[in-house]
Amino acid sequence: MRRSPFRNLLLPFAPRLRLPMPLAAYRRALPLLRIPFSVYLMPVFWFGLSALREPFSLARAAGVFVVLHLLAYPASNGYNSYYDRDEESIGGLKHPPKVSRELLHLVWLFDALAIVGGVLLSPLFGALVAGYLLVSKAYSFEGIRLKKYPLLSTLVVVVFQGAYTFLMTQVGVHASSTEILAPQNLLLALVSSLFLCGSYPLTQVYQHQEDARRGDQTLSLRLGIRGTFLFAGLGLLTGAAVLAVAYIWRQELPNLLIFLLATGPVVVLFLSWARAVWMSPAQANFERTMRMNQVSSVCLSAAFLLMLLRQWL
């Protein structure tokens, strides 16, 4: 009888009992969770909080941050690494270690901690975290592997790491359903996905050879290096334009000014990088991609943090 390709997808929830393995093996596998790289996704978390007009608990916000950035995202990173078995640079790791069974054990542990932590904050938040983890596994799992489909995989990433996470953050801090579902708030959630739509292909631009070797048709691979930068620029520009409309609608012009000032370095860096790539495609490399991720994450996070401080002061 043919085995269902979905069988292995359930392994994280029904692991076999094994004897304890040497701690050194787990220590070698730990970098593949890429916890520092998960911090690059902070802007969506801060964006979701900055959009709230009602007060929220700082303790709950800290709990949501831990569940998402220190547990759920690393679990997704590790699962992706387990099935990709990258031999070249990946996000956050220039020289990734060899994949081992211990990595999957760590993924199961982080999955469980993320879901339990989410449920303790809110049953609905816990359910949303579980949904995120399942979708992220479908992205990488060999029996489904959404990553093989350029448009579908991009849509999944920009929705779930963008609008879904934006709204999930607000659910986690117990924002009211009235505020979460307000049209102005939903428009800002859309903005988070538009920004992801612009930035996500840039994270793939240096991996074309590795993706082609595995048979993954990523959007960046289909667009080509120059096409990726044109697509990214259009996506980021569209996101900024919709954000401006949203802040004007919400009568939050100071927030728009903060955003424009804080993201100035990002624009300069992106244009400089695009120019370098246009002259030499070899400039679409790991080092420049990580630098772009770092600068954009810091600048966007700073912008949304300033907006939060403006509300509190």
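**Notes on an all-helix model**

1. Let's start with a loop. Arg34 is found between α1 (23–29) and α2 (35–38), in the loop that links them. Keep in mind that this is a predicted model. Although Arg34 is not a glycine, its phi is positive, at about 50°. Is Arg34 buried or exposed? With a relative accessible area of 8%, Arg34 counts as buried, because the cut-off for buried is under 20%.

2. A second residue makes a good companion to that one. His174 also has a positive phi, near 65°, and is a residue other than glycine. Its place is the loop between α7 (150–172) and α8 (177–180). Here the relative accessible area is 45%, so His174 is partly exposed. If you are looking through the backbone angles, Arg34 and His174 are two places to stop.

3. Now for the overall picture. The protein has 14 helices and zero strands, so the heading above follows from how helices and strands are assigned. Of the 313 residues, 52% are buried. Among contacts with a separation of 6 or more, 79% join residues that are 24 or more positions apart. On the outside, the protein exposes about 15,100 Å², and carbon and sulfur atoms supply 70% of that area.

4. Next, the interior. In soluble globular proteins, nonpolar side chains tend to be buried together. The largest nonpolar core in this model has 74 residues, and the ones with the most contacts inside it are Phe47, Leu49, Phe125, Val129, Leu188, Leu243 and Tyr247. Which helix gives the most to this core? That is α4 (residues 58–84), with twelve residues.

5. Leu188 is a handy residue to centre your view on. Leaving aside residues up to four places away in sequence, Leu188 touches Phe47, Ala51, Phe166, Leu243, Ala246, Tyr247 and Arg250. Three of these partners, Phe47, Leu243 and Tyr247, are themselves listed with Leu188 among the residues with the most contacts inside the core. Apart from the largest core lies another one, of 13 residues, including Leu202, Val205, Ala232 and Cys299.

6. His208 deserves a look of its own. It sits in helix α10 (residues 208–214). His208 is buried, with a relative accessible area of 14%. What does His208 touch, not counting residues up to four places away in sequence? Its partners are Ser220, Leu221, Gly224 and Ile225. For Leu221, which is 13 residues from His208 along the chain, the C-alpha atoms of the two residues are separated by 5.6 Å.

7. Finally, empty space. Rolling a probe the size of a water molecule over the atoms shows where empty space is left. The structure holds one cavity of 30 Å³ or more, and the largest cavity has a volume of about 30 Å³. Its lining is made by Leu269, Trp273, Arg288, Arg291 and Met292. Both α13 (264–279) and α14 (286–312) supply at least two residues of that lining, and α14 gives the largest share, three residues. By class, the lining has three nonpolar, no polar and two charged residues.

Key:
Residues are numbered from 1 along each chain as its sequence is written. This is a predicted model: local features need pLDDT of at least 70, side-chain atom pairs count only at pLDDT 80 or more; totals for chains, interfaces and linings use all residues. Side-chain values use heavy atoms; hydrogens and water are left out. A nonpolar core is a set of buried Ala, Val, Leu, Ile, Met, Phe, Trp, Tyr and Cys residues joined through side-chain atoms within 4.5 Å. Buried means under 20% relative accessible area, exposed over 50%, partly exposed in between (1.4 Å probe, protein chains only). Helices (H or I, at least four residues) and strands (E, at least two) are DSSP runs, numbered from the N terminus. Contact means heavy atoms within 4.5 Å. On a 1 Å grid over the protein atoms alone, a cavity is a set of points where a 1.4 Å probe fits but cannot get out, and a pocket is an open set with protein on both sides within 12 Å along at least five of seven lines; lining residues have an atom within 4 Å of a point. Grid points are joined across faces, edges and corners, and a volume is the space filled by probe spheres set on the points. Ala, Val, Leu, Ile, Met, Phe, Trp, Tyr, Cys and Pro count as nonpolar, Asp, Glu, Lys and Arg as charged, and the others, Gly among them, as polar. Accessible areas come from the Shrake-Rupley method with a 1.4 Å probe; for residues, only the protein chains shown count as cover.
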